[in-house]
Amino acid sequence: MQGLRRCTNDVVHLGLSPSPTPPSPPGPPSNNPSSLSIDVAESAETRIRRLISEHPVIIFSRTSCCMCHVMKKLLATIGVHPTVIELDDHEIAALPSSSSDDNNNEEQQHQQQPCNTPPAVFIGGTCVGGLESLVALHLSGHLVPKLVQVGVLWGKK
């Protein structure tokens, strides 16, 4: 996993530039299907787009970002534990500048914060925006149905 360093149990630092392979931890090799893989031949933009498509809920953040912490806490209280990728300042430029979903209505696009500035949360491959957008989605009652739709929550009875 070149260019990828695990920081904590739920935060991963994504090195978009090729770097030496970090030493393996002691013990048997991990075959964890939820581990993140990096193809060194991919561009930073391609890697980020692939990660967005592979993870139903993913947050791109800066190291020690307090807004990312609030996003994770909000999602955890609902029962969702997103993948969190910490980007360095030079890696932030690789974030997509807008949502790939053209089905957003004009009002949602107006309220949505840009996704090329961290923290940025993507749900089901679609950019939700930053903390303000995530909280607004939650307060409007649309967050839980969106999370159910992408399969990270079970439908409420």
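## Starting with R50

R50 is buried, with a relative accessible area of 17%. That may look like a fair bit of exposure, but R50 still counts as buried because the cut-off is under 20%. Keep in mind as you read that this is a predicted model.

Who is R50 paired with? Its partner is E54: the two form a salt bridge, and their closest N and O atoms are 3.2 Å apart. A search of the whole structure turns up one salt bridge. E54 has a relative accessibility of 44%, so it counts as partly exposed. Both residues sit in helix α1 (residues 44-54), four residues apart, which means that about one helical turn separates them. Here is the general idea behind that spacing: an α-helix has 3.6 residues a turn, so residues three or four places apart point the same way.

## A neighbour in α1

Helix α1 is also home to L51. Is L51 buried or exposed? L51 is buried, with a relative accessible area of 0%. Along the chain, L51 and T83 are 32 residues apart, and their C-alpha atoms are separated by 9.4 Å.

## The whole chain

Now let's zoom out. The protein chain has five helices and six strands. Going along the sequence, they come in the pattern β-β-α-β-α-β-α-β-β-α-α. The chain has 157 residues, and 41% of them count as buried. Its accessible surface comes to about 9300 Å², with 53% of that belonging to carbon and sulfur atoms.

What about contacts that link distant parts of the sequence? Take the contacts between residues at least 6 apart in sequence: 58% of these join residues at least 24 apart.

## Helix α2 and its two sides

Helix α2 covers residues 66-78, 13 residues in total. From first C-alpha to last, α2 reaches 19 Å, close to the 18 Å expected at 1.5 Å a residue. Which residues of α2 are buried? They are C68, M71, K72, L74, L75 and I78. These residues cover an arc of only 160° around the axis, so they lie on the same side of α2. Over on the other side, C66, K73 and T77 are exposed.

Just after α2 comes G79, which takes a positive phi of about 110°. G79 turns up again further along, when we get to V152.

## Strand β3 and S61

S61 belongs to strand β3 (residues 57-61). With a relative accessible area of 1%, S61 is buried. What does S61 touch, leaving aside its neighbours within four places in sequence? The list is C68, I85, E86, L87, P118 and P119. One of these, C68, is among the buried residues of α2.

## Two nonpolar cores

In soluble globular proteins, nonpolar side chains tend to be buried together. In this model, the largest nonpolar core has 19 residues, and those with the most contacts inside it are L75, V121, I123, L134, L143 and L147. The elements that give two or more residues to this core are β3, α2, β5 (120-123), α4 (131-139) and α5 (143-149). Which of them gives the most? It is α2, with five residues. There is also a second, separate core of 15 residues, which includes I52, I58, F60 and I92.

Back in the largest core, I123 shows how far-flung contacts can be in sequence. Not counting residues up to four places away, I123 touches P56, V57, V128, L134, L143, K146, L147 and V150.

## Helix α4

Helix α4 has its own buried residues: L131, S133, L134 and L137. They cover an arc of only 165° around the axis, which puts them on the same side of α4. The face turned away from that buried side carries the exposed residues E132 and L139. Just after α4, G141 takes a positive phi of about 85°.

## After α5: V152

V152 lies in the segment after α5. V152 counts as partly exposed, at 26% relative accessibility. How far apart are V152 and G79? In sequence they are 73 residues apart, but in space their C-alpha atoms are 8.4 Å apart.

Setting aside residues up to four places away in sequence, V152 touches P56, V57, G79, V80 and L147. Three of those names, P56, V57 and L147, also appear among the contacts of I123.

Conventions:
Residues numbered from 1 in each chain as written. Predicted model: local features only at pLDDT ≥ 70, side-chain atom pairs only at ≥ 80, totals over all residues. Heavy atoms only, no water. Expected span 1.5 Å × (residues − 1). Buried < 20%, exposed > 50% of the residue type's maximum accessible area, 1.4 Å probe, protein only. Arc of directions from axis to C-beta. Contact = heavy atoms within 4.5 Å. Areas by Shrake-Rupley, 256 points an atom, 1.4 Å probe, with all protein chains shown as cover. Salt bridge = Lys/Arg side-chain N within 4 Å of Asp/Glu carboxyl O. Core = buried A, V, L, I, M, F, W, Y, C linked by side-chain atoms within 4.5 Å.
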